[in-house]
Structure formats: structure tokens, C-alpha cells
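Hi,

Here is the structure I promised to pass on to you. Have a look at it first, and then read on for what turned up in it.

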Amino acid sequence: MTTKSAYEQLSKHFKKIHNLSHLSSICGWDQAAMMPSGGNQARSEAMAELAVMIHQQSTAPQLADLIKQAQSEQLSTEQQASLAEIARSWQQANIVPEELVSAQSLAGSKCEHAWRTQRKENDWAGFAKNLKTVVELSREEASIRAQANNCSNYDALMDLYEPGMTSAQLDPIFDDVKSWLPELTLAAQEKQKSDNTIMPTGHFPIAAQQQLGLKTMGILGFDFNHGRLDVSAHPFCGGVSSDVRITTRYEEDDFTQSLMGVVHETGHARYEQGLPTALNHLPVGQARSMGIHESQSLLFEMQLGRSEEFLTLLTPEIKQAFNGTDSAIYNPLNLSQCYTRVKPDFIRVDADEVTYPAHVMLRYEIEQALMNGDIEVDDIPELWALKMQQYLGVDTKGNYRNGCMQDVHWTDGSFGYFPSYTLGAMYAAQFMTTVKQEMDVSAIITSGDLSPIFTWLKTNIWQNASLLSTNDLVKQATGETLNPAHFRRHLESRYLK
């Protein structure tokens, strides 16, 4: 019997971790989309137990020696990249004690489940009580990680989502956006005053919206043998690459939000479905970062989905879904104007792409201060209202439901995630700039066969998974590392010309 190499033993061990994570992901999807509310306590306990099991496997004592041995073995370039990600994963897992992992899982499940009702009832006091526990545990994790990585508490958490990104790198990027975004927002609103836009009104049956969403997913190349569409309070993409679960939410008086929510989540799903199958049980086979993940959803939604060409392609399907043959609502130009309307408002997930960065920067600044200990949970509503007024001219005082309680992220301690959204928008604009240099995107969309665009994404982004660093991935695909100028040019081209 041939003795397996250290790398092969690591690969086998991480297959076990992958299988446990698979179960956790599907249980999490079920908890958000299918589970009756009475099952939450038992489910939370089961998922906490599963989180501990995953943590135990991720911190198994023999991994340190196997990693050290594998580093001296003859490995291919791909295996070397894989070993580096295994080492990173092992280090990240070992930093946090098992008791904290369990406590965070339980607190997050409790806070998220209660939030669903508390948000509807505008119950900040009830939500804050649970959130304080989540924040306390997240600060504990952040402090442990910060000491290990010699960085700030917030940077230690952001590194979980954006490996290598720091506040020192991000602050100048966001400061630059703040310098031109207000003027661009006002100019876009002024330009749109002359638009004769007809916003969708009336009754749009949920069943019809769902069928429209499924057809749109098909146009975007979603593999229904390895995924499905469901409903949840907050749209998300979950599951695993071989079984991707996406959700949206429906309003019967407006189909536009659910439709574009489906397009957005399909972008996430296509990335997951496009990851290299042979590596999907290893850390190196996972998405490079949440910023890159968001770049795929935003490339689908903002770069493709809200373009007049794509909406022209969808118009027959939209008319058929709602029997709107003669309605001016379904004119492609009108639909394009609906989807590119610039209006500062309360809700991040419903925001237009011009004002969206302001929502992200506001959250970034608050959670950064919260994790670094500069503010407390009780300070959030006042600070939120102040920044919403400053950045978007919107008053949220007392309106917690549409203010600081609107996002699911903080309920489970996902501090450090929000910057990924705007970084994703920047990466998406940069990727599309390169795609347009290599092919006639407008003609491809008009043809109805978007496969050349997806082939480019699969070759340059999806199949690379985490084989390259974020900077190397972006540079190999576009010829340069992140360049926010592409995002600004995209907005100016769409909204000011």
C-alpha cells in the first residue's frame, strides 16, 4: 500500500470539512427560506453543534505537521497555491477558540431570527439587546485576530472577506468617491427631470413574477440541475457550488425589484457554478473574495441587467408574464429609465447604483468604529441618522425599520463585509471595460446568446477560484490591479451622457 503524501492527506481531510460545510450551508438556506419559525431554537442548536464540528476539523492537531511536510514536497503550481490557501484557512480557524465559535453561532441565530419580526415592528430596543451580544462576541473575535495579525480589530474582520485589503487602502478609495459622488448624483437627477418615465403600477401576480425570474435565469445560463430559486425576507445566494440556492422577495405592486434581485443573485450563482469542480473541496477552489463575488452579481445586474439592450431582450418575456402587450410601461426605453432612476432613499438593497456607494460607506464607517471600540450599539441610531442626512439627504430619525435595522449582516456578526459591495461594483466595471475591448457586448446581448461573455468570465474569473491573489486575478484579467476610475467612467457614461 502506497503511503499518501502530506498534501494528499490534507486534501482528504479538507474534503471532510467541505462535506460538513455543505450541510451547514443547506441548513442555513432552509432556516432562511423554508423552516417554520417554531423550529428556530432547535435548528440554531444543531447548527451551533455543526459549527463546532467544522471548527474542530479545521483545527485538527495533525494539520500543522502535514502543512509543514507538504511545504517540502514536490508540488505543482496549482498544488502550491492550494497549500497556501490551506495554510491560511488553518491559521484563520486556529486563532478563534471553539467556545467562541459556538457562542457566536447561537447568538447570531437568535439575533437574526428575532430581527425578522423586530424589524417589521420597528423594535430597536428589542433588537439592540440581541445585537449587543453579537457585537461583544465579534469584538472578542476581532481582538484575537488583530493580535495574531498585527492589525486593527476591524481590519482583522475585513480580511476574512477581502484577503489583503486594509482600511489604509480602502479609506483613500472611499474618500475619492465622496469627492465626486454628490455632484454626480445631483447632475444625474437634474438630467433625468426631462424623462417621461412610467413606473410600474398595478397587480403583478407573484406566480407570474416567479416564472419571469426563472426564464431570466435561463437566459443568464443558470444550471437548474445544480440550483433552484426560492423566497426569503432578504435575497441571498447560498448552498454550495454543486447545489446553489438563490432567493428573492416579491411585491405584487412592483415586479422590477424581484426581477433585478434574481439577476443579481444569478450572478453570484453562476460564479459558484463556474468554480473548478476538481477543487471544490479545497479552500483554493472557493471564491477569491467577497468583493470578487459581488463583482459577478453586479456585473450581471448593473453592467448587463440594467442595460437597455438586455431589457430589450427581456421585454417580450415581461409582456407575456403580465399580459402587457399595449402598455407603455413595457417599452424597453421606459424600463431602462425605471432601472436607472437616481433617487436617494432609505433602503440599500433597493438603491440605484449611483447612490449605492453612499449606503456602503456609511455602514463601513459605523461598523469600523463599532469594532474598534469608538462607539457602542446604543450610538448606532443617532450616528446612522446623521450620516444618512449627510450623505443622502434622507431623514431616518426614529425610523429604525428603514434605517439601522434594515440589513441582515450585523445580526450574525458579519462585520467587515459591507466594503465588498462597492469594491465589487468597481471590479465589475473594470471587468466589463476589458470585455468590451475584446467583443461587441451590445451585439451579443441583442442576439440573445450571452455565452461569449460568460466564457470570458469563466476563463478569467470563475475557473481561477482562489488560485491567484485578488490583485493578481484582476491584473491577469484586465492588465491592471483595481482601478476605481473605471467605475466612475461607467457611472458618468450611463447617467450623464
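Let's start with strand pairing: glycine 239 stands opposite valine 244 in S3. This is a predicted model, by the way, so please read everything below as a description of a prediction.

Back to that pair. Strand S2 covers residues 237-240, and four bridges join S2 to S3, with the two running antiparallel. Valine 240 also has a bridge partner in S3, namely aspartate 243. If you trace the chain from S2 into S3, you go through a hairpin, and two residues make the link.

S3 pairs with another strand too. Five bridges connect S3 with strand S1 (residues 227-231), and here the strands run parallel. One pairing to look up on your screen is arginine 228, whose bridge partner in S3 is arginine 245.

So how enclosed is S3 by the rest of the structure? Five of its six residues (the strand is 243-248) are buried, so S3 is largely enclosed. While you have the strands on screen, here is a general point: in a regular strand, side chains alternate between the two faces of the sheet.

Now for the annotated residues. UniProt, in an unreviewed entry, lists Glu265 under "active site". Glutamate 265 lies in helix H10, and with a relative accessible area of 6% it is buried, since anything under 20% counts that way. What does glutamate 265 touch, once you leave aside neighbours within four places in sequence? The answer is Pro235, Phe236, Cys237, Ile246 and Thr247.

The same kind of record has a "binding site" annotation, again from an unreviewed entry, and that covers His264, His268 and Glu294. These residues span 31 residues in sequence, but no two of their C-alpha atoms are more than 8.9 Å apart, so they gather at one spot.

Try clicking on two of them:

- Histidine 264 is in helix H10, which runs over residues 256-274. Its relative accessibility is 12%, so it counts as buried. Apart from neighbours within four places in sequence, histidine 264 is in contact with Glu294, Ser297, Leu298 and Glu301.
- Glutamate 294 sits in helix H11, residues 290-305. It is buried, with a relative accessible area of 2%. Leaving aside neighbours within four places in sequence, its contacts are His264, His268, Tyr417, Ser420, Tyr421 and Gly424.

Notice that His264 and His268 from the annotation both turn up among the contacts of glutamate 294.

Also in helix H11 is glutamine 296. Is glutamine 296 buried or exposed? It is buried, with a relative accessible area of 0%. Not counting residues up to four places away in sequence, glutamine 296 touches Gly267, Tyr271, Phe431, Leu457, Ile461 and Trp462.

Next, helix H8 (residues 167-192), which is a nice one for practising with a ruler tool. At 1.5 Å a residue, its 26 residues should span 38 Å, and the end C-alpha atoms are 35 Å apart, which agrees. There is a kink of about 35 degrees at tryptophan 180, shortly before proline 182. Tryptophan 180 is also one of the buried residues of H8, along with others including Ser167, Phe174, Leu181 and Gln192. What covers the buried residues of H8? Part of the answer is helix H7 (153-161), helix H14 (356-371), helix H16 (419-438) and helix H20 (485-495).

One loop residue is worth a click as well. Glycine 373 lies in the loop between H14 and helix H15 (380-392). At 43% relative accessibility, glycine 373 counts as partly exposed. Its C-alpha atom is 8.8 Å from that of asparagine 153, although the two are 220 residues apart along the chain.

Finally, zoom out to the whole chain. It is divided into domain 1 (1-95) and domain 2 (112-496). Taken over C-alpha atoms, the centres of the two domains are separated by 27 Å. The contact between them takes 25 residues from domain 1 and 29 residues from domain 2.

Happy clicking!

Note on methods
Residues are numbered from 1 along each chain as its sequence is written. This is a predicted model: local features need pLDDT of at least 70, side-chain atom pairs count only at pLDDT 80 or more; totals for chains, interfaces and linings use all residues. Side-chain values use heavy atoms; hydrogens and water are left out. UniProt positions are given in the numbering used here, feature names are shortened, and annotations may be inferred rather than shown by experiment. Buried means under 20% relative accessible area, exposed over 50%, partly exposed in between (1.4 Å probe, protein chains only). Contact means heavy atoms within 4.5 Å. The expected span of a helix is 1.5 Å times one less than its number of residues. The bend at a residue is the angle between axes fitted to the seven residues ending there and the seven starting there. Two strands pair if DSSP finds at least two bridges between them. Domain bounds come from an automatic or database domain assignment.
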